[in-house]
Amino acid sequence: MQRTPYFWRSLRKLRKNAKNTLSLAILKRCLSSKPSRSWKNFPFGRVGFALIGAGAIGYDGIVNDFTYAGSSVRFVRSVKTAVLIAIDYLGLDENDADYKTKIKALHQKSADRLLQTCLLNGGLYIKLGQGFAAINHILPIEYTSTLAKLQDECLTTSKADIQKVFRSDFGQLPEEMYKEFDYEPVAAASLAQVFKARLHSGEQVAVKVQYSDLQKRFISDVATIIFLQDIIELVFKDYNFGWIMNDLRKNLVQELNFVQEAQNAERCYRELQKLNYVVVPKIYWPQTKTRVLTMEWMDGIKIGDVPEIKKHNMSLVDIDMKLYNLFAEQIFHTGFVHADPHPGNIFVRKNAQNGSTEVVLLDHGLYEELPASVRGPLCEFWEATVLRDDAKMKAAAKRIDIVEYLKFAEVLFQQPIQMRSGAIKSKLSQEELEHIRKLARENFDVIMSTLKEMPRSMLFVIRNLNIVRSIGDMHGNVVNRPQVMARYAQRCLYERSMTSPIQSLRWLCRRIYFEYCLWITSLRPIFMNYYLNFLYLIGRAPESAKTLMRDIMQQDKLEELH
């Protein structure tokens with residue numbers, strides 16, 4: 001049969017209709033079919049969150065060097081430590097027969113946890129731990145002795161991390177900027193590491209290099225610490241330190257700027273030139289930037305290393321006299337006060353020419369300006385306290401907005417300024433002794449409120465006094481620090497007021513009376529201690545009378561907290 005063109009057209013049309021019908025059937029089947037069981041059970045939500053999280057961490061790593069991811073890790077680690085410590089203390093029963101033994105063991109366990117957390121978190125956490133280590137007159141010895149390790153046992157970073165800082169700040173590697181550069185740090189602090197190097201001109205230098213991520217993580221770490229302190233205050237009602245961190249956090253930012261530290265060092269050198277035993281390293285400005293500080297290399301012995309000091313036949317009395325006069329000059333005269341003179345950054349050494357002892361100040365990151373409007377009244381207050389002039393004490397304290405002036409005096413002098421009034425009894429009962437101790441403990445809250453009242457610049461002065469006091473404790477308190485400071489305060493008043501021979505004669509009489517009052521002040525606690533021991537020996541007071549004065553003195557040694 002012959003196939004006409006009509007036949008071929010009909011065949012093509014039939015094929016086309018069949019294909020369309022088949023496609024439509026397939027489509028309907030697909031639409032009407034149920035999803036596969038495997039796709040139905042696929043965890044889209046979890047995988048999505050995981051991908052988003054991985055992407056966020058990857059972005060943070062590429063753009064911010066894992067700054068925010070690291071902050072989260074430090075936050076969780078800090079909260080974990082705080083919770084574990086709180087649970088341990090809340091679970092301790094004060095009525096337990098072995099309470100004293102258990103509390104000491106718990107103090108040590110908690111201190112070890114804090115130490116490890118500070119070391120792992122680094123940066124501001126280490127600086128906070130160093131601050132707590134300095135208040136060894138308040139915190140248990142298990143805490144202060146353990147946290148004191150933070151002066152030397154800070155974490156170090158890699159060679160690549162150091163090179164990264166130099167590339168960012170100078171556009172060069174350390175080996176290109178210096179003739180010699182040893183990547184092994186000689187010291188690691190809370191904010192930076194120190195390396196030994198040599199300039200192309202031949203001078204040996206110390207190079208202080210900030211941790212590369214510190215500036216980015218600073219704000220988040222401060223927020224975490226403040227948050228934890230707020231939580232601690234809710235749980236432990238006796239914790240009163242959180243407000244200090246809130247007030248001082250802005251001032252701590254200046255420590256991250258090494259250019260500012262270099263300027264502080266040069267100003268300190270200029271203003272202390274009259275004290276020929278003070279040594280401040282020279283700054284090398286071409287090799288100094290915001291995160292890198294190059295200064296003269298200094299050899300010496302850490303001021304807290306008593307055995308080594310004695311080994312080199314240096315006098316602790318001489319060292320402490322110079323140390324106290326050095327900071328008294330800043331507080332009462334220049335007004336440019338070193339706010340963080342911790343023992344790890346103060347060296348002592350013998351002068352190569354005459355063999356006299358010199359005090360080397362290495363760290364100048366944190367200073368505070370104390371204006372003349374505060375320095376003048378402070379000198380007057382210090383003198384009036386020694387002279388027992390209540391009216392002048394009150395007037396001078398009022399000029400710097402202090403209401404509880406007697407407690408403020410105890411903060412400065414570290415001892416009860418006004419002995420308890422009333423007739424002296426011939427017999428003291430155990431209940432009366434406990435009552436006196438209770439009064440001493442109650443001073444703590446009053447002193448904390450006094451600290452809150454004072455000008456914020458004074459907080460750094462109190463911090464300075466506290467750290468210097470802790471150094472004196474290391475040396476065995478061989479020098480009466482309050483007396484040395486009091487004499488310097490009066491000397492500054494004398495220099496400001498001497499205008500005529502008559503004034504000089506008046507000041508001479510005033511000075512003689514001042515020295516007499518100092519002598520009486522130092523003897524009063526000694527006589528009281530002898531009196532209490534005498535009452536115990538004749539059976540007119542319980543055995544605890546022997547340690548009463550020591551306990552009160554320890555309780556009243558409240559100057560400042562971190």
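In the predicted model, four strands form an open sheet of mixed pairing, in the order β5-β10-β9-β7. The edge strands are β5 (278-279) and β7, each of which pairs on one side only. In general, the strands of a sheet pair through backbone hydrogen bonds, and the pairing is either parallel or antiparallel. Both kinds are found here: β5 and β10 run parallel and are joined by two bridges, whereas β9 and β10 run antiparallel.

The parallel pair can be followed residue by residue. Val278 has Val359 of β10 as its bridge partner, and Val279 stands opposite Val360 in β10. Helix α14 packs on the sheet, where it touches β5, β9 and β10. The direction of α14 makes about 45 degrees with that of β10.

The antiparallel pairs both involve strand β9 (residues 346-350). Five bridges join β9 to β10 (residues 357-361). Among the residues concerned, Val348 has Val359 as its bridge partner in β10, and Lys350 stands opposite Thr357. Val359 is thus named as a partner twice, for Val278 of β5 and for Val348. Strands β9 and β10 form a hairpin with six residues between them. In the turn of this hairpin, Gly355 has a positive phi of about 80 degrees. Strand β9 is also joined to β7 (residues 301-302), by two bridges, and these two strands run antiparallel. In that pairing, Phe347 of β9 is the bridge partner of Lys302.

Strand β10 is largely enclosed by the rest of the structure, because five of its five residues are buried. Thr357, Val359 and Leu361 point one way from the strand, while Glu358 and Val360 point the other way. The residues on both sides are buried, Glu358 and Thr357 among them.

The nonpolar interior was examined next. In soluble globular proteins, nonpolar side chains tend to be buried together. The largest nonpolar core of the model has 77 residues, and of these Leu323 and Phe332 touch the most other members. Helix α14 (residues 316-334) gives the most to this core, with nine residues. When residues up to four places away in sequence are not counted, Leu323 touches Ile303, Ile346, Val359, Val468 and Ile471. One of these contacts, Val359, points the same way from β10 as Thr357 and Leu361. Another core, of 24 residues, lies apart from the largest one. Its members include Leu147, Leu191, Ile225 and Leu252.

Helix α21 (residues 501-537) contains 37 residues. At 1.5 Å a residue the helix should span 54 Å, and its end C-alpha atoms are 54 Å apart, so the expected and computed spans agree. A kink of about 25 degrees nevertheless lies at Leu523, shortly before the proline Pro525. Several residues of α21 are buried, namely Trp507, Phe514, Cys517, Leu518, Thr521, Leu532 and Leu535. The helix is followed by Gly539, whose phi is positive, near 80 degrees.

Positive phi values also occur in residues other than glycine. Asn313 has a phi near 55 degrees and is found in the loop between α13 (306-311) and α14. With a relative accessible area of 65%, Asn313 is exposed, because residues over 50% are counted in that class. Asp401 has a phi near 65 degrees and lies in the loop between α16 (390-399) and α17 (405-413). Its relative accessibility of 54% places Asp401 among the exposed residues as well.

For the protein as a whole, 22 helices and eleven strands are assigned. Of its 562 residues, 46% count as buried. Among the contacts with a separation of 6 or more, 70% are between residues 24 or more positions apart.

Methods: Residues are numbered from 1 along each chain as its sequence is written. Side-chain values use heavy atoms; hydrogens and water are left out. The expected span of a helix is 1.5 Å times one less than its number of residues. The bend at a residue is the angle between axes fitted to the seven residues ending there and the seven starting there. Buried means under 20% relative accessible area, exposed over 50%, partly exposed in between (1.4 Å probe, protein chains only). A nonpolar core is a set of buried Ala, Val, Leu, Ile, Met, Phe, Trp, Tyr and Cys residues joined through side-chain atoms within 4.5 Å. Contact means heavy atoms within 4.5 Å. Two strands pair if DSSP finds at least two bridges between them. Axes are lines fitted to C-alpha atoms, for helices over the stretch in contact, and angles run from 0 to 180 degrees between N-to-C directions.
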